[in-house]
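User: I'm new to this structure and would love a close look at a single part of it. Could you walk me through chain B, starting with its strands and ending where it touches its neighbour?

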Amino acid sequence: MKFWISAAVLLAAATASALLVKNEYFFFAAYTVLMFVVLATAWNILGGYAGYVNFGTPAFFGLGAYTAAVLFKAFALPLVLQILAAAAMSGLLGLAAGLLTLRLRGIFFAIATIALVVIMETLFINWRYAGGATGLQLLRPPPTAPFESYIKMLFVLMGVMAVGAVALARWIERSWIGRGLRAIRDNEEAAECSGVPTLRLKVFACVLSGALMGAAGAPMPMYLSFIEPASTFNLNYAIGALASPMIGGTAHYLGPVIGALLLSSLQQLVTVTISSEMNVLIVGVLLVVFVVLAPDGIVGLLRKWTKRFSR
Amino acid sequence: MDQALLKVKSVSKQFGGFTALDNVSIEIARGERFGLIGPNGSGKTTLINCVSGSLRNDAGSIEFDGEEVSRLPAFQRTRRGIARSFQIPRPFTSMTVLENLVVPLEYVVHRRSLHKADTRGEAMALLQDMGLADKADTQANRLSQVELRKMELARAMAARPRLLISDEAMAGLSSNEVAEVLEILFKLNATGITIIMIEHIMQAVMRFSQRVICLDAGRIICEGAPQDIVRNADVQKAYLGA
């Protein structure tokens, strides 16, 4: 209950600010932060709960973005339908990739997911209708009332998606599915011998994770009014989606949220104040610091401290 | 009804050019206490990996309760009633001891009626039987060796198996602790559970088993009552050398 009340309050505040605040740039930046909340939460379902490190985020994200762009170009589909279609396509990619690669364990799975990104990028570079290597210019339709700007509308939409993704992750974490995924991460053979259908569960996590990443990518073409392969299938999405849960903590659904809010905000800040190259360096440094000093992330640190003080 | 619960028929398993199991056939009766011995590398663990589904046998068949199971994935076999412990304990380290037991309860016993089940209560009852109740909320990676062994048995039992395979559940334990674990296994057997015990501690296997098979280099070299096995010349040769 507390979760839903706080989610509703946050969403209401976001909507109110979008309607009242004039500064457009704030929403432009905040959209990216919220997008990384969705990506990090999605990544954590497979990477955090089940322990299968996935470098393929750009493949799912990019497929979602391109699905939306192509459907918009072909049928001028409304945004919500674009998002649903993108989630479905990326979910299917998750199913196919999962069935093919989730028999591999550890590092081999991670390598296979990198290959996935290269394959998807190559596909879209060579698809003329979707703009090929030069990309596709898209003309935004007018925003839906009560929003007076498209960016603010996208910001609120991404907020809704972030709440949805976190709610989904929270439900999984607390259900028998989450316990099964954790059993897989702890010891896959013992999980299987305890009756956990490991392959089925991993594929399920991969589909859900992929679908959420696809949904997060869907509004991107409208956000930029443009789409092209190199930036859409950019490995920075993989790093952001992976680094945020690592920094925030992978064991709790709030971990990726905290990590993404912190990391992406910092990146936005650095991009504006120092340089856009600098923000990549910051991710790297933070990631190393946390992996070495606080492997359980910020949530893990907070837990340790509350335990110490409650004694 | 067929007497045998588990029928292993001419099972072979190779790893590359190495033959780990060579045409092994075993029948185990319902309610039997069965001992499996053999020197290191003789194929004991490979055999039970094939039975539990962690490995697939290359040839032969494995029937459990009249059903061919050798092509089923491990979790399906667990759901049919084959449970095991591991030679090197494999706890779910991110969970408490209690949660470790909840996994099989959720995925095997109550998977069709999860909302009605009191999995935590049942897990607690099992821990009480094993004498682990006071460790219920301890993180599984903080247990001592004997506690880990007991937890593995409790987790296997949580799946409500008809066949329990105990893979060296007593390795590395003191003699008092061995006696403790033995007593648990005797108690489980008394409730009707068939038990296969793999063990290097001879006193334990000999006291526990009604029938013993000795494997050497992937073949059965001897089968019989415990007292006959120890006197068998082949067994002595396999263990002590020529």
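Analyst: Here is a tour of chain B, sheet by sheet and helix by helix, with a short stop in chain A at the end.

Please keep in mind that this is a predicted model. It has an ipTM of 0.91 and a pTM of 0.91. In chain B the average pLDDT is 91, and 99% of the residues score at least 70. As a general caution, where pLDDT is low, the predicted coordinates should not be read in detail.

Let's begin with the open sheet of chain B, where four strands are arranged in the order 2-1-4-5 with antiparallel pairing. The edges belong to strand 2 (18–29) and strand 5 (67–68) of chain B; each has a single partner strand, so one side of each is left without a neighbour in the sheet. Strand 1 (residues 4–15) of chain B runs antiparallel to strand 2 of chain B, and eight bridges join the two. To find this pairing on your screen, look for B:Val8, whose bridge partner in strand 2 of chain B is B:Ile26. Packed on this sheet is helix 1 (residues 44–52) of chain B, which touches strand 1, strand 2 and strand 4 (59–64) of chain B. The direction of helix 1 of chain B makes about 120 degrees with that of strand 1 of chain B.

Now to another set of paired strands. Strand 3 (residues 33–37) of chain B and strand 9 (residues 211–216) of chain B run parallel, joined by four bridges. Strand 9 of chain B also pairs with strand 10 (residues 219–224) of chain B, this time antiparallel and through five bridges. A handy landmark is B:Val212 in strand 9 of chain B, which stands opposite B:Gly35. B:Val212 also stands opposite B:Gly224 in strand 10 of chain B. Strand 9 and strand 10 of chain B form a hairpin with two residues between the strands, and there B:Ala217 takes a positive phi near 50 degrees.

Next come two helices. Helix 5 (residues 145–158) and helix 6 (residues 175–190) of chain B pack with their axes 11 Å apart, at an angle of about 10 degrees. Angles under 35 degrees count as roughly parallel, and helix 5 and helix 6 of chain B are therefore roughly parallel to each other. Helix 5 of chain B brings B:Val146, B:Arg149, B:Lys150, B:Leu153 and B:Met157 to the contact, where they meet B:Glu177, B:Val181, B:Ile184 and B:Leu188 of helix 6 of chain B. By class, this contact has six nonpolar, no polar and three charged residues.

Finally, the neighbour: 23 residues of chain B are in contact with 17 residues of chain A. On the chain B side, helix 2 (74–80) and helix 3 (97–109) are the elements that give two or more residues. Helix 3 of chain B gives the most, with seven residues. The chain B side as a whole has 12 nonpolar, five polar and six charged residues.

For a last stop inside chain A, find helix 7 (residues 176–186) and helix 9 (residues 198–217), whose axes come within 10 Å and cross at roughly 110 degrees. Helix 7 and helix 9 of chain A are therefore roughly perpendicular to each other, and helix 7 of chain A passes helix 9 of chain A in a left-handed crossing.

Conventions
Residues are numbered from 1 along each chain as its sequence is written. Chains are lettered from A and ligands numbered from 1 in the order in which they are written. This is a predicted model: local features need pLDDT of at least 70, side-chain atom pairs count only at pLDDT 80 or more; totals for chains, interfaces and linings use all residues. pLDDT is the predictor's confidence in each residue, from 0 to 100. Two strands pair if DSSP finds at least two bridges between them. Two residues are in contact if their C-beta atoms, placed from the backbone, lie within 7 Å. Axes are lines fitted to C-alpha atoms, for helices over the stretch in contact, and angles run from 0 to 180 degrees between N-to-C directions. Ala, Val, Leu, Ile, Met, Phe, Trp, Tyr, Cys and Pro count as nonpolar, Asp, Glu, Lys and Arg as charged, and the others, Gly among them, as polar. Angles under 35 degrees count as roughly parallel, over 145 as roughly antiparallel, 65 to 115 as roughly perpendicular and the rest as oblique. A crossing is left-handed if the near helix is turned anticlockwise from the far one by less than a right angle, and right-handed if clockwise.
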